[in-house]
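Dear colleague,

I am handing over the structure we spoke about, with my notes placed below it. Please read the notes with the coordinates open beside you.

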Amino acid sequence: MKGLHTFLSYVLWPIFIVSSLMALKVLWDSGVDPELATFYVYVGFFLVLLVTEFLLPYKKAWLKNIDGQTPVDLTLTVLYFVANGIAMVFILKVLVWAIDNYQALVSLNIWPTEWPMWAQLIIGIIVTDLGNNMAHRMAHEVPVLWRFHAVHHSAPRLSVINTGRFHPVDVIQSMIVGAPIPFFLGAPSDVIIWYSAINAYLGIMTHSNIDFRCGIFNYIFNTPNVHRWHHSRLISEGNNNYGEVTILWDRFFGTYLYPDSEGRAPPVNVGTETKVPKTLLGLLLRPLSIKGYSKEDETLSELPATAE
Ligand SMILES: [Zn+2]
């Protein structure tokens, strides 16, 4: 049984990402609207990961409502699904429409549209990741933005059910800073859709409580092993690994942190001792309070970073 557990730990991450992208391709090729297909696969993949958390947990304790945050997390997840559905079906459509109709007027038009799609996608991932990396880093380093991004970091465990634990202000900030680069370079809409799908599917895996061992992928992609360090309760550790799909820009900017190749990670987030609000309204209004989340995070930066 232990042998099977270890085997699955090593092979599941690449299998999951490849099969979810293949499912998207099949739906897309069979005539389903690409934005809708991206969303259908996302929901299906979410359910698969939810079950896998119980079969192959990274931490058994994280399966329980140890932080009293499960109701809030589930509510935000459902809202996130609704918002994501709207985003994928409407916002992505508007973006595609804007690209098809107006991009030629405002972009630099230097995108290599004659290259094969896989090569364009590699370029797309690299340049879109740059904007997202900058947006995420700003959310950590600009105090007023951290107030809102701290909502995402305030849960003391990681699970697929708190992947969508984001304050709306945080989501809007990351879109404003992250999205324009590929648009102005002239990236075609197919590249944007593929990037959105890869980002969404990798994102739910990164937060899942599954014992993935991502091996060599930890040095290229934003894997669960790498991302748990971003959720460390030590600020000096958490202010690293800002990448969305890849961690290549973190390696370039010197913010890549992966000190434990065994796949272990530090205690995550601020924990229940900081009295994280247990209601959705409390969680969303907290950044607007004088105290915000920042004071307690400073206190917690004194805690030792022992791996559990
Ligand atoms: Zn963050």
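Asparagine 241 sits in the loop that runs between α10 (235-238) and α11 (248-253), in what is a predicted model throughout. Although asparagine 241 is not a glycine, its phi is positive, at about 55°. The residue counts as buried, because 24 C-beta neighbours lie inside 10 Å, where 20 or more are required.

One of the partners of asparagine 241 is histidine 230, which, leaving aside neighbours within four places in sequence, is in contact with Gly238, Asn240 and Asn241. Histidine 230 belongs to helix α9 (residues 224-230), and it too is buried, with 24 other C-beta atoms within 10 Å. From the C-alpha atom of histidine 230 to that of glycine 243, 13 residues apart along the chain, the separation is 9.8 Å.

To place this region in the whole, the protein has 13 helices and zero strands, so that the pattern read along the sequence is α-α-α-α-α-α-α-α-α-α-α-α-α. Of its 308 residues, 42% count as buried. Among the contacts in the protein with a separation of 6 or more, 76% come from residues 24 or more positions apart.

Starting from the N-terminal part, helix α2 (residues 34-55) has 22 residues and reaches 31 Å from its first C-alpha to its last, close to the 32 Å expected at 1.5 Å a residue. Its buried residues are Pro34, Glu35, Ala37, Thr38, Phe39, Val41, Tyr42, Phe45, Phe46, Leu49, Thr52 and Glu53. In reading that list it may help to recall that an α-helix has 3.6 residues a turn, so residues three or four places apart point the same way.

Helix α1 (residues 2-29) packs with α2, their axes coming within 9 Å and crossing at roughly 145°, and the crossing is right-handed. On the side of α1 the contact is made by Ser20, Ala23, Leu24, Leu27 and Trp28, and on the side of α2 by Pro34, Ala37, Thr38, Tyr40, Val41 and Phe45. By class, these residues divide into nine nonpolar, two polar and no charged. Of the α2 residues in this contact, several also appear in the buried list, including Pro34, Ala37 and Phe45.

Helix α4 (residues 117-141) has its own packing partner in helix α8 (residues 189-206), with the axes 9 Å apart and an angle of about 65° between them. The crossing of α4 past α8 is right-handed. Here Met117, Gln120, Leu121, Gly124, Ile125 and Thr128 in α4 meet Asp190, Val191, Trp194, Tyr195 and Ile198 in α8, and the residues of this contact divide into seven nonpolar, three polar and one charged.

Is valine 127, also in α4, buried or exposed? With 17 other C-beta atoms within 10 Å, valine 127 is partly exposed, because that count falls between the 12 or fewer of an exposed residue and the 20 or more of a buried one. Not counting residues up to four places away in sequence, valine 127 touches Ile181, Pro182 and Leu185. The C-alpha atoms of valine 127 and proline 182 are separated by 6.4 Å, although the two are 55 residues apart along the chain.

How are helix α5 (residues 143-153) and helix α6 (residues 168-178) set against each other? Their axes are 8 Å apart and they pack at an angle of about 110°, and they are therefore roughly perpendicular, since angles of 65 to 115 degrees count as such. The crossing of α5 and α6 is left-handed. Leu145, Phe148, His149, Val151 and His152 in α5 meet Val169, Asp170 and Gln173 in α6, a contact with four nonpolar, three polar and one charged residues.

The loop between α5 and α6 holds glycine 164, which counts as buried, with 23 C-beta neighbours inside 10 Å. The C-alpha atom of glycine 164 is separated by 5.3 Å from that of threonine 77, and the two residues are 87 residues apart along the chain.

With best wishes

Technical notes: Residues are numbered from 1 along each chain as its sequence is written. This is a predicted model: local features need pLDDT of at least 70, side-chain atom pairs count only at pLDDT 80 or more; totals for chains, interfaces and linings use all residues. Helices (H or I, at least four residues) and strands (E, at least two) are DSSP runs, numbered from the N terminus. The expected span of a helix is 1.5 Å times one less than its number of residues. Two residues are in contact if their C-beta atoms, placed from the backbone, lie within 7 Å. Axes are lines fitted to C-alpha atoms, for helices over the stretch in contact, and angles run from 0 to 180 degrees between N-to-C directions. A crossing is left-handed if the near helix is turned anticlockwise from the far one by less than a right angle, and right-handed if clockwise. Ala, Val, Leu, Ile, Met, Phe, Trp, Tyr, Cys and Pro count as nonpolar, Asp, Glu, Lys and Arg as charged, and the others, Gly among them, as polar. Angles under 35 degrees count as roughly parallel, over 145 as roughly antiparallel, 65 to 115 as roughly perpendicular and the rest as oblique.
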